[in-house]
Amino acid sequence: MNTGLLILRLAVGLLFVGHGIQKVSHRLEGHGIEGGAAEFEADGFRGGRLTAAAAGGGQIAAGLLLCAGALTPLAAAIAGGVMTVAVTVKWRNGLWVQDNGYEYPLVLMILPAVLTLTGPGRWSVDQAIGLLAWAPGWTAAAVALGVCSGLMTRLLLGRPVPRH
């Protein structure tokens, strides 16, 4: 079980880190902070570079915490917030990823939340400092905080949709 949790943490965490790096730099085939800002603007957000930097930084932070198995509920909250924003962008396309839907961001919201429930495993910072047994309330709080922060981001930074 611990090996499986380690592999899951590393896979999901590294995907978050990589996506965050793409959003703020030209590494990993990213379009730099300018490209990240343009992406957010095209998705109906204000804030440009700051929004892209916050999203990219959040993804990198969540990914690093997941990889280390450190403060897992915080990692789940950060990941949940960023992915909630992604779900709001893709919602109108439906669920399935082949139609540019929200399937993939939803999975990336769920996996860190599940790691909060199961604990990150024996080979983790949480285990080393005695925080392995997170109560289910922490998972609920982390998920709620993440979703609420993502929805607030959408509310505060989203541009009104023009009516036709």
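Is C148 buried, partly exposed or exposed? In this predicted model, C148 has a relative accessible area of 47%, so this cysteine counts as partly exposed. C67 makes a useful companion to look at next, because its relative accessible area of 14% places it among buried residues. The structure contains 0 disulfides. For readers meeting the term here, a disulfide is a covalent bond that joins the sulfur atoms of two cysteines.

A good place to begin a tour of the fold is the start of the chain. Helix α1 covers residues 2–24, and N2 belongs to it. With a relative accessibility of 16%, N2 falls under the 20% limit and therefore counts as buried. Its partners from elsewhere in the sequence, beyond the neighbours within four places, are G121, R122 and W123. One of these, R122, also takes part in a polar approach: a polar atom in the side chain of N2 sits 2.7 Å from the backbone nitrogen of R122.

Attention then turns to helix α2, which spans residues 32–42 and has G32, I33, G36, A37 and F40 as buried residues. The cover over these buried positions includes α1, together with α3 (48–68) and α4 (72–90). Just beyond the end of α2, G44 adopts a positive phi of about 95°.

Helix α2 also has a part in the charged pairs of the model. Side chains of opposite charge can pair when their charged atoms come close. Across the whole structure, 2 salt bridges are found. In one of them, the side chains of K23 and E39 meet with an N to O distance of 3.9 Å. This pair connects distant parts of the chain, since K23 lies in helix α1 and E39 in helix α2, 16 residues apart. How do the two partners compare in exposure, buried or partly exposed? K23 has a relative accessible area of 8% and is therefore buried, whereas E39, at 39%, is partly exposed.

A salt bridge is also formed by R49 and E34, whose closest N and O atoms are 3.2 Å apart. Here too, distant parts of the chain are linked: R49 is in helix α3 and E34 in helix α2, 15 residues apart. R49 is partly exposed because its relative accessibility is 49%, and E34 is also partly exposed, with a value of 46%.

Further along the chain, G150 is found in helix α7. Which residues does G150 touch, leaving out those up to four places away in sequence? The contacts are G81, T84 and V85. With a relative accessible area of 1%, G150 counts as buried. G150 and V17 are separated by 133 residues in sequence, and their C-alpha atoms are 18 Å apart in space.

The surface offers a last point of interest. L71, L74, V125, I129 and L131 together make a nonpolar patch of about 390 Å². One member of this patch, L131, is located in the loop that runs between α6 (125–128) and α7 (136–157). L131 has a relative accessibility of 30%, so it counts as partly exposed.

How values were computed. Residues numbered from 1 in each chain as written. Predicted model: local features only at pLDDT ≥ 70, side-chain atom pairs only at ≥ 80, totals over all residues. Heavy atoms only, no water. Helix = DSSP H or I, 4+ residues; strand = E, 2+ residues; numbered from the N terminus. Buried < 20%, exposed > 50% of the residue type's maximum accessible area, 1.4 Å probe, protein only. Polar contact = N/O pair within 3.5 Å; in protein donor to acceptor, adjacent residues only side chain to side chain. Contact = heavy atoms within 4.5 Å. Patch = residues over 30% accessible without salt bridge, like charges linked within 9 Å, V, L, I, M, F, W, Y side chains within 5 Å. Areas by Shrake-Rupley, 256 points an atom, 1.4 Å probe, with all protein chains shown as cover. Salt bridge = Lys/Arg side-chain N within 4 Å of Asp/Glu carboxyl O. Disulfide = S-S within 2.5 Å.
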